[in-house]
Amino acid sequence: MEMRPPREYKKREMISFKSSLLIIASEKDIFFPAGRVFRRAREIFAGPVTTIEIDSKHLPSDEIMVDVCKRTIEFLKNS
């Protein structure tokens, strides 16, 4: 398991990434709170960013993951 946090990318590094992006996060996540993650994604990605906020901590329950999987499949079908 990787123990280092992921590095933050700069807008100039992601300028050529134009694909649709789905970001699912929770404000209760102590490592990656939704507000901060969503704001940063909109700053650095040029393509369309879809955000979904879930009610979970860092590791979602099985019930939440079922919903996450359904929403991800829906996003991919519509992309």
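Start your tour by selecting Phe17, which counts as partly exposed at 31% relative accessibility. Keep in mind as you look around that this is a predicted model. Phe17 sits in the loop between helix H1 (11–14) and strand E1.

With Phe17 still selected, add Gly47. These two are 30 residues apart in sequence, and from C-alpha to C-alpha they lie 6.9 Å apart in space.

Next, move to the loop between E1 and H2, where you will find Ile30. Is Ile30 buried or exposed? Ile30 is exposed, because its relative accessible area is 71% and anything over 50% counts as exposed. Now select Phe31 and Phe32 as well: together with Ile30 they form a nonpolar patch on the surface. The accessible area of this patch is about 350 Å².

Keep Phe32 selected, since the next stop involves this residue too. Turn to the largest pocket, which has a volume of about 600 Å³. Which of its 24 lining residues are the closest to its centre? They are Pro6, Ile23, Phe32, Val37 and Arg40, so try colouring those five in your viewer.

To see which elements help to build the lining, show strand E1 (21–25) and helix H2 (34–44), each of which supplies at least two residues. H2 gives the most, with 5 residues.

For a last view, colour the lining of the largest pocket by residue type. You should find 16 nonpolar, 2 polar and 6 charged residues there.

Conventions. Residues numbered from 1 in each chain as written. Predicted model: local features only at pLDDT ≥ 70, side-chain atom pairs only at ≥ 80, totals over all residues. Heavy atoms only, no water. 1 Å grid on protein atoms, 1.4 Å probe; cavity = no way out; pocket = protein on both sides within 12 Å on 5 of 7 lines; lining within 4 Å. Points joined across faces, edges and corners; volume = space filled by probe spheres on them. Helix = DSSP H or I, 4+ residues; strand = E, 2+ residues; numbered from the N terminus. Nonpolar A, V, L, I, M, F, W, Y, C, P; charged D, E, K, R; others polar. Patch = residues over 30% accessible without salt bridge, like charges linked within 9 Å, V, L, I, M, F, W, Y side chains within 5 Å. Areas by Shrake-Rupley, 256 points an atom, 1.4 Å probe, with all protein chains shown as cover. Salt bridge = Lys/Arg side-chain N within 4 Å of Asp/Glu carboxyl O. Buried < 20%, exposed > 50% of the residue type's maximum accessible area, 1.4 Å probe, protein only.
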